Structures are given as C-alpha cells and as structure tokens.
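Here are some notes to read beside the structure. Please keep the 3D view open and find each residue as it comes up.

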Amino acid sequence: VSVKPIYQIAAIKVENGAVASKFQSFIRPWEGGEACRKSAAKEAGVPLSIIEGAEDVDQVMGKFFDFVGSAVLVSTGALGEQAKLLCRAARYSGMKSLPNELYDLLDFAGEIDSKFDFKSRTELLEMLSIAEGADALGKSNTNVVLYNALTNYGA
C-alpha cells in the first residue's frame with residue numbers, strides 16, 4: 001500500500017484559546033514524477049508552477065518542526081493517516097521519529113459522547129455543522145473550530 005506524498009502542510013498555534021500564529025507551505029512531491037505534481041496542483045487548486053516551484057520536503061519539514069516546536073499536533077486521523085504522512089515526511093527529512101505528541105480529534109469526540117464515535121472526519125464535521133477547509137491551512141483552522149466545539153460541547 002503506497003502512502004501519497006504530502007504536497008501541502010499547515011499548522012495553527014493556539015495559545016490561551018486564541019490563534020497565535022499560522023504556518024503554511026507547499027511541498028514539491030518527492031516521488032511520482034510529473035503526474036504526481038499535476039495531481040497535487042489539481043487537488044490543491046493551484047497552478048502547476050506553484051507545486052513545481054515549492055521547496056523539497058526536507059526544507060519544508062524543517063521549517064514546520066521549527067514552527068510547531070514541542071507543541072502537541074492535533075488533527076483528525078492524527079493516529080492514523082496523518083501520522084503516516086508526517087512520519088514519512090519526517091523520514092525524508094532525516095528524522096528518525098516524530099518529536100511531537102499526536103492528539104486525535106476523532107478519539108476525543110468519541111470519548112465526549114458515544115454519538116460522536118465516528119470513523120471519519122466528514123461524519124463528525126457534518127454532525128457538528130462545521131464546514132471543512134479548502135486547503136491545508138483551512139483544514140488546520142477547521143481543527144481549531146472542531147476542537148473548540150468538542151471542548152465546549154454540553155457546557
């Protein structure tokens with residue numbers, strides 16, 4: 001089973017409940033050739049030149065981990081597909097393992113209320129009437145909204 005390469009990454013730092021800073025970058029896919037780059041550009045909704053002109057994974061992941069520091073990385077699928085993608089990108093960057101703790105919003109939702117025990121992000125977002133972000137930064141913002149909605153659920 002092949003894992004698709006990361007072509008875009010983003011993160012939002014939240015401090016004391018407020019957005020403190022944002023990071024977003026495209027990554028030139030490290031395998032798959034021109035077909036993979038074209039697919040990434042189409043999926044991201046950007047011109048092919050943006051993907052082809054992006055930095056290599058080792059450069060971007062170094063900047064990403066400088067940005068996130070020791071923060072906990074929060075996402076849906078953080079212990080599944082997201083972890084696989086991050087671990088793979090980290091290995092391509094020369095890292096032996098991810099230095100950050102991962103926190104999965106799907107697991108968190110299931111712990112809050114059994115009616116949120118979903119297998120997919122889409123189901124959880126629909127249940128809470130939260131719109132999905134269009135790109136990596138938008139999805140990171142959706143994670144912030146989703147975390148806040150789950151934290152405040154029933155309050």
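**Notes on a predicted model**

1. Start with helix α5, which spans residues 105-112. Its buried residues are Leu105, Leu106, Phe108 and Ala109. They lie on the same side of α5, because the arc they cover around the axis is only 160 degrees. Please keep in mind that the model is predicted.

2. What do the buried residues of α5 pack against? Their partners are the strands β3 and β4 and the helices α6 (121-127) and α7.

3. Look next at the N-terminal end of α5, which is capped by Asp104. A side-chain oxygen of Asp104 is 2.8 Å from the backbone nitrogen of Leu106. Leu106 is also one of the buried residues of the helix.

4. The loop between α5 and α6 contains Lys115. Is Lys115 buried or partly exposed? Its relative accessible area is 42%, so Lys115 counts as partly exposed; the range for that label lies between 20% and 50%.

5. Lys115 has contacts further along the chain. Setting aside residues up to four places away in sequence, Lys115 touches Met127 and Tyr153. With Tyr153 there is a polar contact between the two side chains, at 2.9 Å. Met127 is 12 residues from Lys115 in sequence, and the C-alpha atoms of the two are 9.1 Å apart.

6. Now turn to Ser75, in strand β3. Ser75 has a relative accessible area of 13%, and it is buried because this value is under 20%. Apart from neighbours within four places in sequence, Ser75 is in contact with Gln82, Tyr103, Asp104, Leu105 and Asn143. Two of these residues were met above: Asp104 caps α5, and Leu105 is buried in that helix.

7. The last feature is the largest pocket, with a volume of about 1300 Å³. Its lining has 40 residues, and those closest to the pocket centre are Ala10, Ser75, Gln82, Ser140 and Asn143. Ser75 is thus listed here, as are Gln82 and Asn143, which are both in contact with Ser75.

8. Which elements give two or more residues to the lining of the largest pocket? The strands are β1 (8-15), β3 (73-75) and β4 (102-104). The helices are α1 (33-44), α3 (57-68), α4 (81-92) and α7 (136-151). Among these elements, β3, β4 and α7 also pack against the buried residues of α5.

9. By residue type, the lining of the largest pocket has 24 nonpolar, 8 polar and 8 charged residues.

How values were computed
Residues numbered from 1 in each chain as written. Predicted model: local features only at pLDDT ≥ 70, side-chain atom pairs only at ≥ 80, totals over all residues. Heavy atoms only, no water. 1 Å grid on protein atoms, 1.4 Å probe; cavity = no way out; pocket = protein on both sides within 12 Å on 5 of 7 lines; lining within 4 Å. Points joined across faces, edges and corners; volume = space filled by probe spheres on them. Helix = DSSP H or I, 4+ residues; strand = E, 2+ residues; numbered from the N terminus. Nonpolar A, V, L, I, M, F, W, Y, C, P; charged D, E, K, R; others polar. Buried < 20%, exposed > 50% of the residue type's maximum accessible area, 1.4 Å probe, protein only. Arc of directions from axis to C-beta. Contact = heavy atoms within 4.5 Å. Polar contact = N/O pair within 3.5 Å; in protein donor to acceptor, adjacent residues only side chain to side chain.
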